[in-house]
Amino acid sequence: MINMNEVVGSHDIVMITLDTLRYDAAKLEEENCPNLCRSGSWEKRHTPGSFTYAAHHAFFGGFLPTPANTDKASHVRLFHGKNSGLRTNPNTWLFDAPDIVSGLAGEGYRTICIGGVIFFTKKNKLSKVLPGYFQESYWRMNFGVTNPRSTENQVNHALKLLDGADEQQKLFLFMNVSAIHGPNHYFIPGTHYDSVDSQRAALRYVDGELGRLFEALRKRQRPVFCLVFSDHGTAYGEDGYEGHRLAHEVVWNVPYREFFL
């Protein structure tokens, strides 16, 4: 396990949620995703929430997706709130705050959110909650699910922020990637419905764009620790189910990766 007490304070931290990406779709595309899977493969985990809003509340509270096994030794959290009364591990970073974002801000991190799906739009009170965790939050129409170039636009915005960033200030960058969330059928020309195959095509597109972000992050003076995972999957007719916000293994099983750039 990574010792987060050696990471926090010395590394920039990047968290990317690949919204709605199914575990099976991610595994099928490993060989075609040289940026996300350059140094390893996807780990199968269970999400704490079956849709974006619920899952991200858990993530920002320090409850990341849990290993999909019964080996309790592998269920060690990277982040944990202080004085919770729950058992912790010496490698876990303890934050004295209601969430990891404000906890990292308290450690001198500049906290940035680049939103994607509807819960990050800031268009109403509900969609201001998740971006409200951050010192800076950004959303544009062309970051959203209906734009076929959404990840390109999100990464371009991140690169502008990095270009003007103080190299000495620690950075916590969060990005909610919307491209894999439906509708994603337009990533297969001529297709008019979403499927596992169109998710896979969307993931290939996302991987290419994230490569530009990773390259820029590698140029920063501070080393970078990355967390990349899905917030939940979605059903495409399995057992009669469609969509998410429901209890089915294709929703609960998510791909997860943690790595250093």
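**Rings, a pocket and some unusual backbone spots**

Arg245 is exposed in this predicted model, with a relative accessible area of 64%. Its backbone is a bit out of the ordinary for the residue type: Arg245 is not a glycine, yet its phi is positive, at about 60°. As for where Arg245 sits, that is the loop between β11 and α7 (249-252). Asp239 tells a similar story, with a positive phi of about 55° and, again, no glycine in sight. This residue belongs to the loop between β10 (235-236) and β11 (242-243). Asp239 has 66% relative accessibility, so it counts as exposed, the cut-off being over 50%.

The backbone also has a cis peptide bond, and this one joins Gly182 and Pro183, with omega at about 0°. Pro183 falls in the loop between β8 (171-177) and α6 (196-218).

Turning to the side chains, there are 16 aromatic pairs in the structure. One of them is Tyr53 with Phe119, whose ring centres are 5.4 Å apart and whose planes meet at 40°, making the pair tilted. Tyr53 comes from helix α3 (residues 52-60), while Phe119 comes from the loop between β6 (110-114) and β7 (136-138), so this contact ties together parts that lie 66 residues apart in sequence. Tyr53 and Phe119 are both buried. Aromatic rings also gather into a cluster made up of Phe60, Phe120, Tyr133, Phe134, Phe172 and Phe174.

Rings pick up charged partners too. Arg45 lies over the face of Tyr256, 3.7 Å from the ring centre. In the case of Phe63, the residue placed over the ring is Arg77, whose charged end sits 3.8 Å from the centre.

Arg77 turns up again in the largest pocket, where it is among the residues nearest the centre, along with Ser74, His75, Val76 and Leu78. In total, 24 residues line this pocket, and the space inside comes to about 500 Å³. Strands β2 (43-46), β3 (66-67) and β12 (253-260) each give at least two residues to the lining. Sorted by class, that lining is a mix of ten nonpolar, nine polar and five charged residues.

How values were computed:
Residues numbered from 1 in each chain as written. Predicted model: local features only at pLDDT ≥ 70, side-chain atom pairs only at ≥ 80, totals over all residues. Heavy atoms only, no water. Phe/Tyr/Trp six-rings, centres within 6.5 Å; stacked < 30°, edge-to-face > 60°. Helix = DSSP H or I, 4+ residues; strand = E, 2+ residues; numbered from the N terminus. Buried < 20%, exposed > 50% of the residue type's maximum accessible area, 1.4 Å probe, protein only. Lys NZ or Arg CZ within 6 Å of the ring centre and 35° of its normal. 1 Å grid on protein atoms, 1.4 Å probe; cavity = no way out; pocket = protein on both sides within 12 Å on 5 of 7 lines; lining within 4 Å. Points joined across faces, edges and corners; volume = space filled by probe spheres on them. Nonpolar A, V, L, I, M, F, W, Y, C, P; charged D, E, K, R; others polar.
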